[in-house]
Amino acid sequence: MDKLPAQMTAIAISKPGGPEVLVPEQRPVPKPGPNEILIKVAAAGVNRPDVLQRLGLYPVPPGASDLPGLEISGEVVALGDGVTKRKIGDKVMSLVAGGGYAEYCITHETHAMSVPKGLSMTEAGAIAETLMTVWHNVFERGGLKPNETLLIHGGSSGIGTMAIQMAKAHGAKVFVTVGGQDKVDACLKLGADAAINYKTEDFVERIKALTDGAGVNVILDMVGGDYIDRNYEAAAVEGRIVQIAFLGGSKATPNFAKLMMKRLHHTGSTLRPRSVADKAAMVSAIEAKAMPWFADGRVKPLMDSSFPLKDASKAHARMESSQHIGKIVLTL
């Protein structure tokens, strides 16, 4: 730590509001505690929870940084007491509890993953939070199996584009919903078996046609609202619906008789408040089962755009436009 600067540039939320409330400011460089590592940030992913936090709708968990940013890539530059899994100079990508929009950021040593060969540090900055969200919700909670069918709402998002590739690498059939022809084309190019433009097609009817009336085994939903009842209609018997966000609202009046008649499982999760041990277990599973897909090139982040750290407000404006296809990152 003696060789590191005392201060760093970070992007703070000056008050709840639009992208313009993201402002650069000087902060002390954080010091890693026991089993923590300090990373000199190369890139930080921009995610929907960052937007919600900026709007004042996503409270920061106790003990976490008040700065936005949930995934980073960079170089390990300092070690806390007891660190054994990482060393100075390691190139890593990591989930963080907050603070990613900064020149330096702390993470627990068990949450950092080695950057896969063949990926740039910018690409690595777009992976950790998205990868862990997809892994836990599609494969652990959703229990997706080879030869099953997966429906992804928001297929052209960072999470959606990662989920397409991971599900295909796993041997599943993948359908997505998107909001435009350019997004249809992008998802098909990534390997989706069908892409449904929700603005011009009824996804329930299209799913029934694609599955000969059987419905899909797993649905990854970030919309909620009236999609909940429609998901029950589109799901197969013993289908699993996994809720990861509520862009369309968290309240609905679904027909729960469908849940009973089809023996459906409707679950959901959030990642940021989970315990250190929970996140470490996800990382261990990912390293064993999903990282080989990155190593052989079957999975890599689809990059939409990158912005310098100081232009975080422009990155948020891009995300809120919903014109992006894939991941948006901040670079340092």
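**Exercise 1. A partner across the strands**

Find the bridge partner of Leu150 in S9.

*Solution.*
- Look across to S9, and you'll land on Val174 as the partner of Leu150.
- A word on the model before going on: it is predicted, so local features need pLDDT of at least 70 and side-chain atom pairs count only at pLDDT 80 or more, while totals for chains, interfaces and linings use all residues. Residues are numbered from 1 along each chain as its sequence is written, and side-chain values use heavy atoms, with hydrogens and water left out.
- Now widen the view: S8 and S9 pair in the parallel sense over five bridges. (Strands are DSSP runs of E, at least two residues, and helices are runs of H or I, at least four residues, both numbered from the N terminus; two strands pair if DSSP finds at least two bridges between them.)
- Five of the six residues of S9 are buried, so the rest of the structure largely encloses S9. (Buried is under 20% relative accessible area, exposed is over 50%, and partly exposed is in between, with a 1.4 Å probe and protein chains only.)

**Exercise 2. The whole sheet**

Work out the order of the six strands in the open sheet, and which of them stand at the edges.

*Solution.*
- Reading across, the order is S10-S9-S8-S11-S12-S13, and the pairing is parallel.
- Strand S10 (194-197) and strand S13 (265-268) are at the edges with a single partner strand each, so one side of each has no neighbour in the sheet.
- On average, neighbouring strands here are turned by 15° against each other, direction ignored. (Axes are lines fitted to C-alpha atoms, for helices over the stretch in contact, and angles run from 0 to 180 degrees between N-to-C directions.)
- Zoom in on S11 (residues 216-221) and S12 (residues 235-243): they pair in the parallel sense over five bridges. Asp221 stands opposite Gln243 in S12.
- Helix H6 (residues 203-210) lies across S8 (149-153), S9 (173-178), S10 and S11, and it runs at about 160° to S10.

**Exercise 3. Helix H4**

How many residues of H4 are buried?

*Solution.*
- Start with the helix itself: H4 (residues 158-169) has twelve residues and reaches 17 Å from first to last C-alpha, close to the 16 Å expected. (The expected span is 1.5 Å times one less than the number of residues.)
- Eleven of the twelve are buried, so H4 is largely enclosed by the rest of the structure.
- Among the buried residues are Gly158, Ile159, Met162, Ile164 and Met166.
- Just after H4, Gly171 takes a positive phi of about 95°.

**Exercise 4. Following the charges**

Which residues are joined with Asp229 into one salt-bridge network?

*Solution.*
- The structure holds 20 salt bridges. (That's a side-chain nitrogen of Lys or Arg within 4 Å of a carboxyl oxygen of Asp or Glu.)
- One of them links the side chains of Asp229 and Lys258, at 3.0 Å from N to O.
- Asp229 is in helix H7 (residues 227-234) and Lys258 in helix H8 (residues 256-262), so the pair ties together parts that are 29 residues apart in sequence.
- Shared partners join Lys208, Asp229, Glu233 and Lys258 into one network.
- Check the accessibility too: Asp229 counts as partly exposed at 23%, and Lys258 counts as buried at 18%.
- For another bridge, try Arg206 with Glu201, whose closest N and O atoms are 3.1 Å apart. Arg206 is partly exposed at 26%, and Glu201 is partly exposed at 29%.
- Arg27 and Glu25 form one as well, with closest N and O atoms 2.5 Å apart.

**Exercise 5. Two strand residues**

Is Val92 buried or exposed? Is Pro28 buried or exposed?

*Solution.*
- Val92 is found in strand S5 (residues 91-95), and its relative accessible area of 0% makes it buried.
- Val92 touches residues including Ile39, Ile72, Val76, Met113 and Met121, not counting residues up to four places away in sequence. (Contact means heavy atoms within 4.5 Å.)
- Pro28 is found in strand S2 (residues 22-28), and at 53% Pro28 is exposed.
- Leaving aside neighbours within four places in sequence, Pro28 is in contact with Ala6, Gln7 and Met8.
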